[in-house]
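User: I am new to this structure and would like to go through it step by step. Please keep the answers short.

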Amino acid sequence: MLCVEIIKLLAGSTLEMKKPHPCGARTMRLMRVGSICRVVCTGCGRDMNIDRIKLEKAIKSVTPPANQIDEK
Ligand SMILES: [Zn+2]
């Protein structure tokens, strides 16, 4: 039996999406994590609020922040 894979989402991570944004960019920056996540397109800078469950399904891979960002 397969367990559901839990994706660790950290604010500041770069998300590679399965489908590119209409602007052509395939990566998004994760700005805020919650039941609703906030992401910003790295191509056009548009920010979006996406249901976390939908977001996790749309992610191809997650790149954690290169350097630790201080929690505010
Ligand atoms: Zn875009």
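User: Is Lys8 buried or exposed?
Analyst: This is a predicted model, and its burial classes come from counting C-beta neighbours. Lys8 sits in the segment before β1. A residue with 12 or fewer such neighbours inside 10 Å falls in the lowest class. Lys8 has 8, so Lys8 counts as exposed.

User: How far apart in space are Lys8 and Pro64?
Analyst: Along the sequence, 56 residues separate Lys8 from Pro64. In space, their C-alpha atoms are apart by 9.1 Å.

User: In what order do the elements run along the chain?
Analyst: The chain has five strands and one helix. Read from the N terminus, the order is β-β-β-β-α-β.

User: In what order do the five strands lie in the sheet?
Analyst: The sheet is open, and its pairing is antiparallel. Its edge strands are β4 (47-51) and β5 (59-63), which each pair on one side only. From one strand to the next, the twist averages 35°. The order across the sheet is β4-β3-β2-β1-β5.

User: Which residue of β2 stands opposite Glu16?
Analyst: β1 covers residues 14-17 and β2 covers residues 27-32. These two strands pair in the antiparallel sense over three bridges. Opposite Glu16 in β2 stands Thr27.

User: And which residue of β5 stands opposite Met17?
Analyst: β1 also pairs with β5, in the antiparallel sense, over four bridges. Opposite Met17 in β5 stands Ile59.

User: How many residues does the hairpin between β2 and β3 pass through?
Analyst: β2 and β3 pair in the antiparallel sense over four bridges. Arg29 has Val40 as its bridge partner in β3. Arg32 has Arg38 as its partner there. The hairpin that joins the two strands runs through three residues.

User: Which residue takes a positive phi in the hairpin of β3 and β4?
Analyst: β3 and β4 pair in the antiparallel sense over five bridges. Ile36 has Asp51 as its bridge partner in β4. Their hairpin has five residues between the strands. The residue with a positive phi, near 80°, is Gly45.

User: Why is Thr42 partly exposed?
Analyst: Thr42 lies in the loop between β3 and β4. The middle class lies between the exposed limit of 12 or fewer neighbours and the buried limit of 20 or more. Thr42 is partly exposed because the number of other C-beta atoms within 10 Å is 15.

User: Which residues does Thr42 contact beyond its neighbours within four places in sequence?
Analyst: Thr42 and Cys23 are 19 residues apart along the chain, with their C-alpha atoms separated by 9.7 Å. The contacts of Thr42 are Ala25, Thr27, Met28 and Arg29.

User: Which strand supplies the largest share of the largest nonpolar core?
Analyst: This core has seven residues: Leu15, Met28, Leu30, Cys37, Val39, Cys41 and Leu55. At least two of them come from each of β2 and β3 (36-41). The largest share is three residues, supplied by β3.

User: Which residues form the covered face of β3?
Analyst: The strand has two faces. Ile36, Arg38 and Val40 lie on the uncovered one. The covered face holds Cys37, Val39 and Cys41.

User: Which residues does Leu30 touch, not counting those up to four places away in sequence?
Analyst: Leu30 belongs to the largest nonpolar core, as do Leu15, Cys37 and Val39. Leu30 touches these three residues. The full list is Leu9, Ala11, Gly12, Ser13, Leu15, Cys37 and Val39.

User: What percentage of the residues in the chain are buried?
Analyst: A buried residue has 20 or more other C-beta atoms within 10 Å of its own. The chain has 72 residues, and the buried ones make up 11%.

User: What share of contacts between residues at least 6 apart in sequence joins residues at least 24 apart?
Analyst: Lys8 and Pro64 gave one example of a wide gap in sequence, being 56 residues apart. Among the contacts asked about, those joining residues at least 24 apart make up 33%.

User: Which element has the highest mean pLDDT?
Analyst: The chain averages a pLDDT of 88, and 82% of the residues score at least 70. Among the elements, β5 has the lowest mean, 93. The highest mean, 97, belongs to β3.

Conventions
Residues are numbered from 1 along each chain as its sequence is written. This is a predicted model: local features need pLDDT of at least 70, side-chain atom pairs count only at pLDDT 80 or more; totals for chains, interfaces and linings use all residues. Two residues are in contact if their C-beta atoms, placed from the backbone, lie within 7 Å. Two strands pair if DSSP finds at least two bridges between them. Axes are lines fitted to C-alpha atoms, for helices over the stretch in contact, and angles run from 0 to 180 degrees between N-to-C directions. A nonpolar core is a set of buried Ala, Val, Leu, Ile, Met, Phe, Trp, Tyr and Cys residues joined through C-beta atoms within 7 Å. pLDDT is the predictor's confidence in each residue, from 0 to 100.
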